[in-house]
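Here are my notes on the model, set out as numbered points for discussion. Please read them with the sequence and the coordinates open.

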Amino acid sequence: RSFRSLKLGYEQAKALAFRGIAAGQAGDFEQSMLLLRRARRRFQAEGNAVWPPLIDLHLATVLEKTGKPGQ
């Protein structure tokens, strides 16, 4: 919320991405995917071309760990 109120979209997206990565490492795959997808949308809204593909890699890793890589 603080990032949003300060209009720091990139930082907000990055924080979401790191929270998503941490959730995946902690085994909370559903939360991880939710946060990573939110981060990806925010990076796209910011016009960032680098982070969305990186997030896709993290999402693929999480999906593989769930045993449902096709989702």
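1. In this predicted model, helices α2 and α4 pass each other in a left-handed crossing. Their axes come within 10 Å and cross at roughly 20°, and α2 and α4 are therefore roughly parallel to each other, an angle under 35 degrees being the criterion for that description. On the α2 side the contact is made by Tyr10, Lys14, Ala17, Phe18, Ile21 and Gly24, and on the α4 side by Trp51, Ile55, His58, Val62 and Lys65. Sorted by class, the residues of this α2 and α4 contact comprise seven nonpolar, two polar and two charged.

2. The second packing I would describe is that of helix α3 (residues 29–46) with helix α4 (residues 51–66), whose axes come within 9 Å and cross at roughly 165°. That angle makes α3 roughly antiparallel to α4, and the crossing is again given a hand, α3 passing α4 in a left-handed manner. From α3 the residues in contact are Phe29, Ser32, Met33, Leu36, Arg37, Ala39, Arg40, Phe43 and Gln44, and they meet Trp51, Pro52, Ile55, Asp56, His58, Leu59, Val62, Leu63, Lys65 and Thr66 of α4. The residues of this contact of α3 with α4 divide into 11 nonpolar, four polar and four charged.

3. Which residues do the ring pairs link into a cluster? They are Tyr10, Phe18, Phe43 and Trp51, and the structure holds three aromatic pairs. One of them joins tyrosine 10 and phenylalanine 43 in an edge-to-face arrangement, with 5.7 Å from centre to centre and 65° between the planes. Because tyrosine 10 lies in helix α2 (residues 9–25) and phenylalanine 43 in helix α3, this pair ties together parts that are 33 residues apart in sequence.

4. The burial of these rings deserves a separate remark. Tyrosine 10 has a relative accessibility of 30% and so counts as partly exposed, whereas phenylalanine 43 is buried, with a relative accessible area of 0%. Phenylalanine 43 also forms an aromatic pair with tryptophan 51, and this one is stacked, at 4.9 Å centre to centre and with 10° between the planes. Both members of that stacked pair, phenylalanine 43 and tryptophan 51, are buried.

5. Glutamine 31 is worth inspecting as a residue of helix α3. With a relative accessible area of 29%, glutamine 31 is partly exposed. Leaving aside residues up to four places away in sequence, glutamine 31 touches Arg19 and Ala23. The C-alpha atoms of glutamine 31 and glycine 20 are separated by 6.9 Å, although these two residues stand 11 residues apart along the chain.

6. For the chain as a whole, the secondary structure comes to four helices and zero strands, and the elements run α-α-α-α from the N terminus on. How many of the residues of the chain, as a percentage, count as buried? The figure is 31% of the 71 residues. Among contacts between residues at least 6 apart in sequence, 48% join residues at least 24 apart.

Key
Residues are numbered from 1 along each chain as its sequence is written. This is a predicted model: local features need pLDDT of at least 70, side-chain atom pairs count only at pLDDT 80 or more; totals for chains, interfaces and linings use all residues. Side-chain values use heavy atoms; hydrogens and water are left out. Axes are lines fitted to C-alpha atoms, for helices over the stretch in contact, and angles run from 0 to 180 degrees between N-to-C directions. Helices (H or I, at least four residues) and strands (E, at least two) are DSSP runs, numbered from the N terminus. Angles under 35 degrees count as roughly parallel, over 145 as roughly antiparallel, 65 to 115 as roughly perpendicular and the rest as oblique. A crossing is left-handed if the near helix is turned anticlockwise from the far one by less than a right angle, and right-handed if clockwise. Contact means heavy atoms within 4.5 Å. Ala, Val, Leu, Ile, Met, Phe, Trp, Tyr, Cys and Pro count as nonpolar, Asp, Glu, Lys and Arg as charged, and the others, Gly among them, as polar. Rings of Phe, Tyr and Trp (its six-membered ring) pair if their centres lie within 6.5 Å; planes under 30 degrees apart count as stacked, over 60 as edge-to-face and the rest as tilted. Buried means under 20% relative accessible area, exposed over 50%, partly exposed in between (1.4 Å probe, protein chains only).
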